[in-house]
Amino acid sequence: MRFRLTDDQRALRDGMRQLLARHFDGAALRAAAEGPARLDRELWRALGDAGFFALRLPEAEGGVGLGLPEAVLVFEEAGRVLLPGPLAATHLAAGAVPGAATGETVVTAVDGGLVEWPAQADVVRGDATGAVPMRSLDPLTPLHRVPGGTAAQPDPVAVLLTAAEQLGTAARVCELAVQHARAREQFGRPVGSFQAVAHLCAGMLVRSETARAAVYAAAVTADPVDIAAARLLADEAAVRGARDCLQVHGGMGFTWESEVHLHLKRAWVRTQRAGGITESEEALAAALATGAA
Amino acid sequence: MDLSDTPEEEEFRARLREWLAKTLPGLPPEPSPDDWPGRRAYDLGWQRRLHDAGYADVHWDASPTTRLIFLEETEQAGAPYVGAGFVGLLHAGPTIAAEGTDEQRARWLPPILRGEEVWCQGFSEPDAGSDLAALRTRARRDGDDYVVTGSKIWTSHAEVADWCELLVRTDPEAPRHRGITWLALPMDAPGITVRPLRTLAGSAEFAEVFLDEVRVPVANRVGDENDGWRVTMVTLSFERGTAFAGEVVACRRVLGELAVEARENGRWDDPVLRRRLGRLNAEFRALWRLTQWNVSAAQASGGVPGVGGSVFKLRYSHARQELYDAAAEVLGADCLDLDRPWTLDRLSSLSYTIAAGTSQIQHSIIAERILGLPKGR
């Protein structure tokens with residue numbers, strides 16, 4: 001057992017983090033939240049060049065030939081910076097929809113009763129007939145409601161990639177909270193020296209690191225029950241982490257100017273993806289009952 | 001990231017499995033929980049069998065991944081716990097191995113490994129719990145002896161122990177971390193009184209140990225005088241690595257049993273309960289993965305458990321309490337019946353967020369040592 005990142009995996013993660021820092025930093029994130037949601041096609045192609053979408057496609061088909069663990073690492077990085085766009089849908093379309101693998105074609109997919117980015121994407125997979133736009137809670141995720149929706153079983157890989165994005169958010173909001181708690185002074189000292197604040201931050205780390213173990217392990221086993229577990233832990237780590245981060249930021253956390261709300265809103269959007277939390281809980285309960293715990 | 005066994009790990013697992021299958025049916029019946037001499041004999045007998053089969057030092061000499069396989073396989077096979085051997089094998093033994101002289105290692109380690117001597121721990125005091133460095137038990141040098149007076153609390157197996165790893169204050173004037181010394185106290189020395197401590201679960205799992213002018217040879221000191229705090233930290237780091245790995249395996253088995261019970265008594269039809277158990281399944285699966293993650297990190301760093309142990313300990317102790325709260329919901333009114341094993345386990349689980357560093361202390365450790373937040377009180 002060597003349940004840790006290999007040197008290659010570390011290099012892949014670091015490379016993706018650097019690429020995203022160049023193309024989509026904090027200023028770009030806040031700017032994107034100001035205007036109407038748009039897709040940065042140049043960034044999308046840069047992601048394609050870096051192998052983000054073709055990562056799991058065999059080399060013989062022009063892909064990178066890597067596996068789910070590597071995909072989870074790059075999606076975690078995308079989640080950290082709140083990279084906008086139907087990333088998982090395009091990644092899953094690589095090899096099936098021409099241009100998806102290179103980032104030339106942006107692909108979205110109907111997911112339950114929702115579809116993200118249908119107006120901006122080039123291809124919509126699934127039946128989006130009669131889709132109606134809603135005023136999306138997340139300024140960086142345009143959403144349409146799909147009447148009737150699709151009851152089909154969600155692709156476990158899509159569930160896992162979303163969980164990886166949640167993990168990125170969970171880790172990022174913990175960092176933001178810690179940065180703020182060290183810098184912000186009240187009563188003559190950093191608020192992070194108060195146990196009540198410090199313990200909130202520690203709790204965020206406990207949730208994100210537990211979720212990390214679950215998400216990475218599910219990427220290794222690709223077992224649907226492991227994926228359901230990873231999903232529950234990652235959703236919890238992201239949503240509760242973003243809320244606690246907001247709390248640590250105090251009044252600033254309630255402003256539009258601070259990026260904290262964007263993390264919480266995206267985490268909420270992701271919890272609605274790929275089957276409900278209830279389904280994941282039921283899948284885990286069913287596994288207990290069949291002795292496959 | 002690789003979760004599969006290496007060829008060596010696979011071989012170790014297969015050999016251990018085979019040995020367990022052959023050995024466990026021949027074990028004597030388990031003694032009752034209140035039968036201390038019986039438990040001592042049973043636990044030492046198990047250690048003797050491990051020793052004879054070549055597994056004696058798995059707790060401190062084997063690599064972290066090998067140790068994890070050992071804990072996983074013995075738990076799954078229903079093998080006995082380390083029991084009375086706990087302090088010797090997991091605290092005192094590793095400390096002596098790391099910090100003792102050749103003579104001390106030769107005197108104390110073989111009897112621990114062969115299952116001949118039991119150790120207990122004299123660290124905590126009535127006024128030194130989470131703040132262990134506040135300990136006041138005093139040791140005064142008198143010729144070739146220390147003369148020790150004070151009291152210790154939360155000492156397991158004190159009634160049947162041969163030795164106690166004892167922390168004493170040798171320099172009351174020094175800064176509090178610098179005046180502490182680590183001694184091996186023979187439990188048959190004159191001046192020792194052991195009083196059982198009854199816990200809320202009704203049993204006497206622990207004891208108080210009172211020391212009145214007890215003479216301990218200077219030769220029983222491990223490490224230098226006043227260097228006991230550092231020596232102790234070597235010991236404590238062993239506790240936060242794989243210490244709970246077997247328990248996570250056991251909790252996952254209990255969860256499966258809860259599902260069976262709930263199906264039999266009809267409560268499985270309640271979707272709220274069912275999802276609660278599903279969520280606990282996710283929790284304990286994740287805790288097992290976190291154990292594997294921490295053990296792999298320890299393996300890569302040459303066996304040193306990292307601060308990740310605090311993250312695990314915090315999460316696990318709460319998850320264990322939630323598990324037995326869920327068990328109570330499955331049992332309904334039967335959760336009040338002490339003859340149902342889960343009832344006692346639920347009571348015992350209450351100690352998990354307190355023992356070995358309270359959850360509040362663990363939060364502070366994480367905030368200061370991992371997140372780098374300023375020290376606060």
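Select helix 1 and helix 3 of chain B to begin, and show the side chains where the two meet: Glu9(B), Phe12(B), Arg13(B), Leu16(B), Arg17(B) and Leu20(B) on helix 1 of chain B are in contact with Thr65(B), Thr66(B), Ile69(B), Phe70(B), Glu73(B) and Thr74(B) on helix 3 of chain B. Coloured by residue class, this contact shows five nonpolar, three polar and four charged residues. Please keep in mind throughout that the model on the screen is predicted.

Two packed helices are described by the angle between their axes and the distance between the axes. For the pair now selected, helix 1 covers residues 7-23 and helix 3 covers residues 64-76 of chain B, and their axes come within 10 Å and cross at roughly 30°. Angles under 35 degrees count as roughly parallel, and helix 1 of chain B and helix 3 of chain B are therefore roughly parallel to each other. Turn the view until one helix lies in front of the other, and the crossing of helix 1 and helix 3 of chain B can be followed as a right-handed one.

Stay with helix 3 of chain B and select Pro64(B), which has its place in that helix. Is Pro64(B) buried or exposed? Pro64(B) counts as buried, because it has 23 C-beta neighbours inside 10 Å. Now add Val295(B) to the selection and draw a distance between the two C-alpha atoms: Pro64(B) and Val295(B) are 5.8 Å apart in space, although 231 residues separate them in sequence.

Next, remain in chain B and select His157(B), which is found in the loop between strand 3 (145-156) and strand 4 (163-169) of chain B. Most residues other than glycine have a negative phi, and most peptide bonds are trans. The backbone of His157(B) deserves a look on this account, since its phi is near 60°, a positive value in a residue other than glycine. With 25 C-beta neighbours inside 10 Å, His157(B) counts as buried.

Zoom out to the whole of chain B, where 11 helices and eight strands can be picked out. The radius of gyration of chain B is 21 Å, close to the 21 Å that the globule rule gives for 377 residues, so chain B is as compact as a globular protein of that length. Along its principal axes, the C-alpha trace of chain B spans about 70 × 45 × 45 Å. Of the 377 residues of this chain, 42% count as buried, and among contacts in chain B between residues at least 6 apart in sequence, 72% join residues at least 24 apart.

Then bring chain A into view and select the residues at which the two chains touch: 41 residues of chain B are in contact with 45 residues of chain A. On the chain B side, at least two residues each are supplied by helix 7 (245-265), helix 8 (271-300), helix 9 (308-331) and helix 11 (359-370). Which helix of chain B gives the largest share of this side? The answer is helix 8 of chain B, with 16 residues. By class, the residues of chain B that touch chain A divide into 19 nonpolar, 10 polar and 12 charged.

Hide chain B and look at chain A alone, which has 10 helices and seven strands. A compact globule of 293 residues would have a radius of gyration near 19 Å, and chain A, with 19 Å, agrees with this. The C-alpha trace of chain A spans about 60 × 50 × 40 Å along its principal axes, and 52% of the 293 residues of the chain count as buried.

Within chain A, select Trp117(A), in the loop between strand 2 (114-116) and strand 3 (123-125). Trp117(A) is not a glycine, yet it has a positive phi of about 55°. Having 22 C-beta neighbours inside 10 Å, Trp117(A) counts as buried.

For the last stop, select helix 8 (residues 224-249) and helix 10 (residues 277-289) of chain A, which pack at an angle of about 135° with their axes 9 Å apart. That angle makes helix 8 of chain A oblique to helix 10 of chain A. The crossing of helix 8 and helix 10 of chain A is left-handed. Among the residues that meet here are Pro224(A), Leu232(A) and Asp235(A) in helix 8 of chain A, and Ile277(A), Glu281(A) and Leu284(A) in helix 10 of chain A. The residues of this contact divide into nine nonpolar, one polar and three charged.

Methods:
Residues numbered from 1 in each chain as written. Chains lettered and ligands numbered in written order. Predicted model: local features only at pLDDT ≥ 70, side-chain atom pairs only at ≥ 80, totals over all residues. Axes fitted to C-alpha atoms, helices over the stretch in contact; angles between N-to-C directions. Helix = DSSP H or I, 4+ residues; strand = E, 2+ residues; numbered from the N terminus. Parallel < 35°, antiparallel > 145°, perpendicular 65-115°, else oblique. Left-handed = near helix turned anticlockwise from the far one by under 90°. Contact = placed C-beta atoms within 7 Å. Nonpolar A, V, L, I, M, F, W, Y, C, P; charged D, E, K, R; others polar. Rg over C-alpha atoms; globule rule 2.2 N^0.38 Å. Buried ≥ 20, exposed ≤ 12 C-beta atoms within 10 Å, placed from the backbone.
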